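Visitor: I should like to learn how to read a model of this kind, feature by feature. Where should one begin?

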Amino acid sequence: MILTVLHKTRYEFAAPVGGIIQSLRLTPAKSESQRVLDWSVEVPGAVLGTPLRDGAGDYVQTVSVRAPSTQIEVTVSGTVETTDTAGILRGHRERVPPRAYLRNTVRTEPNRAISDMVSEALKAQEDASELERAHLLAAAVAEAVAYQPGTTTAHTTAAEAMTAGAGVCQDHAHVLIACAHLAGLPARYVAGYLNATEDGAPHEASHAWAELYIAGLGWVGFDAANKCCPNEQYIRLGSGLDAQDAAPIRGLVLGGSEEELAVSVLVAPQGQSQQQ
Amino acid sequence: MAEPYFNEMYDASGLRAPYRMLEGWHQNMPAEFRALKQAEAEDLFRRYGITFAVYGEGGDPDRLIPFDMFPRVFTSEEWRKLERGIKQRARALNAFLSDVYDRGEIIRAGRIPADLVYRNEAYEIAVAGFRPPLGVFSHIVGIDLVRTGADQFYVLEDNCRTPSGVSYMLENREVMMRMFPHLFQENRVAPVDGYARLLKRTLASVAPEKCDRDPKVVLLTPGHFNSAYYEHSFLADLMGIEMVEGQDLFVEGDFCYMRTTEGPQKVDVIYRRIDDAFLDPLCFRPDSALGVPGLMNVYRSGGVTICSAPGAGVADDKAIYTYVPEMVRFYLGEAPILENVPTWQCAKADDLKYVQEHIAELVIKEVHGSGGYGMLVGPKSDKATIEAFAAKLAANPSNYIAQPTLALSTCPTFVNEGIAPRHVDLRPYCLVGRDIELVPGGLTRVALTEGSLVVNSSQGGGVKDTWVIAEE
Amino acid sequence: MLSRTAANLFWMTRYLERSETTARLLDLGFRNALLPNAGGGFRNEWSAILQSKGVLDQFTEKYGELKQRNVESFLFFDLDNPSSVASCISSARENARIVRTALTSQVWDAINTSFQELKALSRRERSSLEVPELTDWTLRTSALIRGSIEATQLRNDGFRFMNLGYALERADNTARLLDVKYYVLLPSVAYVGSGLDNYQWTTLLRALSAHRAYNWAYGGELSAKQIAHFLILNPKFPRSLLSCTIEVNAHLDHLARIYDRSTPAQETARTLLAELAEARIEDVFDEGLHEFLTRMITENAGLAKCIDDQYLIGEAR
């Protein structure tokens with residue numbers, strides 16, 4: 001499938017700020033699931049660093065504006081050819097040992113409810129393979145955390161989302177990572193895009209899910225929010241220990257003032273992209 | 001009665017050779033003269049501004065670290081062996097770091113458990129797969145040594161991040177030379193004052209490949225609230241480089257610049273004295289105001305070198321320590337020259353059992369602790385302290401390691417009544433760049449309280465000048 | 001040099017100059033209060049002085065009524081008041097401490113000693129301290145530090161930034177002091193030319209240590225116009241706006257030579273100097289003294305901002 005992406009992120013400031021610096025993870029890397037046909041990241045008025053490929057195989061790029069400014073706009077546009085690999089990340093060049101992804105951050109630290117859920121889900125499943133266990137955990141998370149935008153924020157932790165019993169894709173991913181770690185499976189947070197128009201699912205095109213490391217298979221994506229594994233509707237941008245670590249845009253405003261953020265993401269099969 | 005500890009000045013057969021010149025020196029020193037000299041030393045330290053703020057304690061932040069005028073002496077023969085051992089260890093530690101951020105051969109070979117490395121908090125995912133210039137991760141390796149016999153040295157711990165204290169090594173010598181010049185005329189003491197030049201050369205040698213000029217080196221300090229701030233400004237001054245704070249640097253495009261009155265100046269090498277977590281709020285702790293946003297991207301694309309490399313701390317963890325001799329064998333194919341202190345990993349059930357049974361005989365330390373805090377010296381502790389510690393140990397065994405209580409050597413130290421033996425350790429500073437360098441000497445720390453084995457300056461320890469007698 | 005180092009030097013001297021001005025204001029208020037029943041009593045004058053420093057609200061909130069002893073404490077010792085002598089000297093010393101290696105030991109000693117003496121003063125029984133002792137101490141200390149800088153610092157870029165701090169702050173302070181007298185202090189226009197008016201002018205000149213200099217220069221007759229000329233346009237009086245602007249220009253020119261690079265800061269300073277050098281006191285009064293002074297304060301701040309942008313932030317290429 002060929003997907004087109006148009007992703008604009010615009011920050012506006014109430015008063016001019018002294019400068020802006022961002023680290024962008026906004027360029028998809030090649031794997032068996034995706035191949036970039038064309039891609040561009042543009043930030044008018046900013047100095048862009050050369051994209052570098054980090055140890056996790058993601059493209060990272062520095063963007064900065066030094067002059068006093070009242071706004072910055074990051075525009076990502078491109079076309080990617082995607083293939084359904086049943087969620088398995090194959091042919092992705094990376095150097096980080098999977099076992100490094102067994103550590104928690106404040107966002108993925110489990111609480112009692114999460115560990116109870118893991119015990120419950122894996123009860124009487126001693127013979128289950130790692131892959132089967134991963135599916136059981138993803139299903140349990142989908143069950144425990146209802147998709148409900150507006151109940152959580154960007155800073156909500158896995159434990160908080162679990163207690164609330166509701167959240168968005170970010171929260172599903174955090175809870176699933178916490179579960180996987182308890183089950184001894186390396187797991188990480190993945191940020192990307194989703195072409196959600198097809199099945200009418202109500203999710204935003206800017207999406208997130210979790211990857212769990214399954215011995216013999218490698219990294220496998222699990223989208224608990226949509227109760228599936230990533231397929232040709234997904235574009236993968238980058239990974240990290242949690243949402244902050246994997247954020248497509250991580251930035252800092254010098255001498256900051258009130259900021260207003262406007263994001264628009266359009267993902268569509270090629271040919272439909274003109275119908276904005 | 002024989003002393004239970006090795007006395008570096010007087011052994012069973014009497015006065016040891018390296019101290020021959022010093023016996024008459026201290027015996028002929030009138031008490032009033034000594035008091036005068038001690039006051040003069042303190043005055044000099046104060047004038048140089050060498051003070052030491054102690055972590056976690058209130059009190060005077062401008063406190064002087066106590067200085068003992070009686071030097072600690074090594075023969076060149078003793079030093080040669082130490083030097084070989086230290087350099088060997090520094091090479092092995094760097095080989096290990098290169099390996100674990102690359103293919104992890106030592107783990108694949110089953111010589112060290114994967115989780116000990118990869119699950120370690122000090123293992124930085126952000127630098128996996130990155131090879132710093134010349135493959136060097138730890139450019140300044142501080143190795144803490146203790147001595148238990150004429151020919152018996154043990155490594156207590158390694159410091160691969162930013163070992164501090166080298167300013168004391170330099171200032172102790174400076175003060176001794178000013179106060180007792182004739183001692184240096186009579187003894188052929190190898191000089192240590194080349195350290196700053198060597199450090200600067202080492203740092204310049206690891207400039208990025210892209211750098212096609214005389215590298216611009218800066219020292220990055222967390223600022224004047226840091227307890228080692230004095231050392232930072234002292235070293236920057238000796239090296240003739242700028243001491244900067246995070247706010248003095250900024251990233252633009254593929255490079256890092258320093259803010260100067262003549263505009264931005266490109267920086268090639270950063271000798272950082274701040275922890276990994278604070279280096280770059282866009283990569284590590286987002287609330288860090290001490291670092292430089294965007295720095296890690298510039299680092300990883302070869303625009304600037306950070307010394308020591310982020311992630312170098314995974315080699316000096318107390319749990320990894322046990323495996324350093326294994327690293328020497330694995331990477332260098334050599335037998336380790338310096339020995340480790342036997343260590344029990346409380347994370348292992350068998351080890352924990354042994355430790356719990358012998359708790360009163362052992363020294364127990366936190367895996368990630370430093371500065372002599374959070375440790376138990378079994379034989380020196382009362383029953384209540386031991387019991388309280390045992391409870392902490394039982395609650396979180398993997399947080400602790402244990403070692404036998406070592407019979408640390410003693411060195412004569414000035415006390416009210418003249419001189420008396422006090423326990424000492426040694427921290428030499430090994431520099432790793434294009435070459436591996438070690439100045440003959442180091443920082444000797446001394447436990448000033450009679451019988452005490454804790455030499456940390458934060459716990460009432462003092463320092464001494466450390467001599468290596470040059471060869472005839 | 002590091003921009004931050006330059007900024008520390010620049011602010012060190014600004015704070016030192018500011019401490020001196022606060023002491024002079026305190027002295028001004030003290031002398032005015034000696035005059036009985038000056039149109040509403042001394043309370044108005046103290047409030048005018050606090051107003052000129054922009055700290056009247058803060059004072060009222062903390063102390064309530066305008067008691068002289070409280071105003072004295074507030075202006076001299078109170079660390080909650082950012083322009084108190086104690087605050088300014090502490091800030092100057094903190095800036096100095098950070099860049100200690102850029103200072104000669106005499107300069108550091110002078111600043112550090114002033115800080116220690118200040119601590120000793122603040123430990124003394126307040127009733128044993130009269131205003132003249134406090135202001136004398138401040139002026140003496142200030143002269144000692146300035147003298148040490150003048151006598152011992154290398155004539156490098158750091159020296160220029162220190163002097164820029166002094167000159168810019170001094171210009172700002174002179175403008176404000178004059179404005180307080182003219183615009184704020186006098187109860188109403190009816191008092192112009194009255195005995196009260198003259199008394200206030202005299203105390204203002206005294207507070208600026210300029211009383212005798214004025215008499216020499218203008219023959220002793222007090223007139224608003226002549227005093228304004230003296231404090232704004234007389235190039236011989238070291239605190240006049242013109243003198244300060246000449247100094248700013250000189251130090252900026254030195255920087256341009258040291259760095260072999262001229263910046264918009266030199267240009268801005270030259271424009272300001274051109275205006276002051278050409279101006280006649282009639283022009284000033286035509287514009288309105290208060291309006292003129294307000295504009296000068298703004299332009300001076302603009303120049304300081306320009307120096308900040310060009311040198312102290314370190315991004316200008």
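Guide: Let us begin with the secondary structure of one chain. Chain C contains 15 helices and zero strands. Please keep in mind throughout that this is a predicted model.

Visitor: How compact is chain C for a protein of its length?

Guide: The radius of gyration of chain C is 20 Å, close to the 20 Å that the globule rule gives for 317 residues, so chain C is as compact as a globular protein of that length. The C-alpha trace of chain C spans about 60 × 50 × 35 Å along its principal axes. Of its 317 residues, 46% count as buried. Among contacts in chain C between residues at least 6 apart in sequence, 71% join residues at least 24 apart.

Visitor: Which residues touch the most other members of the largest nonpolar core?

Guide: The general idea is that nonpolar side chains tend to be buried together in soluble globular proteins. Here the largest nonpolar core has 295 residues, and Val141(A) and Leu176(A) touch the most other members. Helix α1 (residues 3–33) of chain C gives the most to this core, with 13 residues. As for Val141(A), beyond its neighbours within four places in sequence, its contacts are His172(A), Val175(A), Leu176(A), Cys179(A) and Ala224(A).

Visitor: How should one read a single helix, and which residues of α1 in chain A are buried?

Guide: An α-helix has 3.6 residues a turn, so residues three or four places apart point the same way. In helix α1 of chain A, residues 112–122, the buried residues are Ile114(A), Met117(A), Val118(A) and Ala121(A). Seen down the axis of α1(A), these buried residues fall within an arc of 100°, so they line one face of the helix. The face turned away from the buried side carries the exposed residues Arg112(A), Asp116(A), Ser119(A) and Glu120(A).

Visitor: What do the buried residues of α1(A) pack against, and what comes just after the helix?

Guide: The packing partners, in chain A, are α2 (130–144), α3 (158–164) and α4 (169–182). Just after α1(A), Ala124(A) takes a positive phi of about 60°.

Visitor: May we apply the same reading to α9 of chain B?

Guide: Certainly. Helix α9 of chain B covers residues 229–239, with Glu231(B), His232(B), Phe234(B), Leu235(B), Ala236(B) and Met239(B) buried. Those buried residues pack against two helices of chain B, α6 (166–179) and α8 (195–205), and against β6 (217–220) and β7 (242–244) of that chain. Gly240(B) follows α9(B) and has a positive phi, near 70°.

Visitor: Which domains does the assignment give for chain B?

Guide: Domain 1 is made up of 10–208 + 304–338 + 407–468, and domain 2 of 342–404. The centres of the two domains of chain B, taken over C-alpha atoms, are 25 Å apart. Eleven residues of domain 1 are in contact with nine residues of domain 2 in chain B. On the domain 1 side of this contact, five residues are nonpolar, four polar and two charged.

Visitor: Finally, how many residues of chain A are in contact with chain B?

Guide: The size of an interface is often given as the accessible area lost when the parts come together. Here one may count residues: 23 of chain A are in contact with 25 of chain B. On the chain A side, β2 (19–27), β6 (59–65) and β14 (249–254) each supply at least two residues. The largest share, three residues, comes from β6(A). By class, the chain A side divides into ten nonpolar, seven polar and six charged residues.

How values were computed
Residues numbered from 1 in each chain as written. Chains lettered and ligands numbered in written order. Predicted model: local features only at pLDDT ≥ 70, side-chain atom pairs only at ≥ 80, totals over all residues. Buried ≥ 20, exposed ≤ 12 C-beta atoms within 10 Å, placed from the backbone. Helix = DSSP H or I, 4+ residues; strand = E, 2+ residues; numbered from the N terminus. Arc of directions from axis to C-beta. Contact = placed C-beta atoms within 7 Å. Domains from an automatic or database assignment. Nonpolar A, V, L, I, M, F, W, Y, C, P; charged D, E, K, R; others polar. Rg over C-alpha atoms; globule rule 2.2 N^0.38 Å. Core = buried A, V, L, I, M, F, W, Y, C linked by C-beta atoms within 7 Å.
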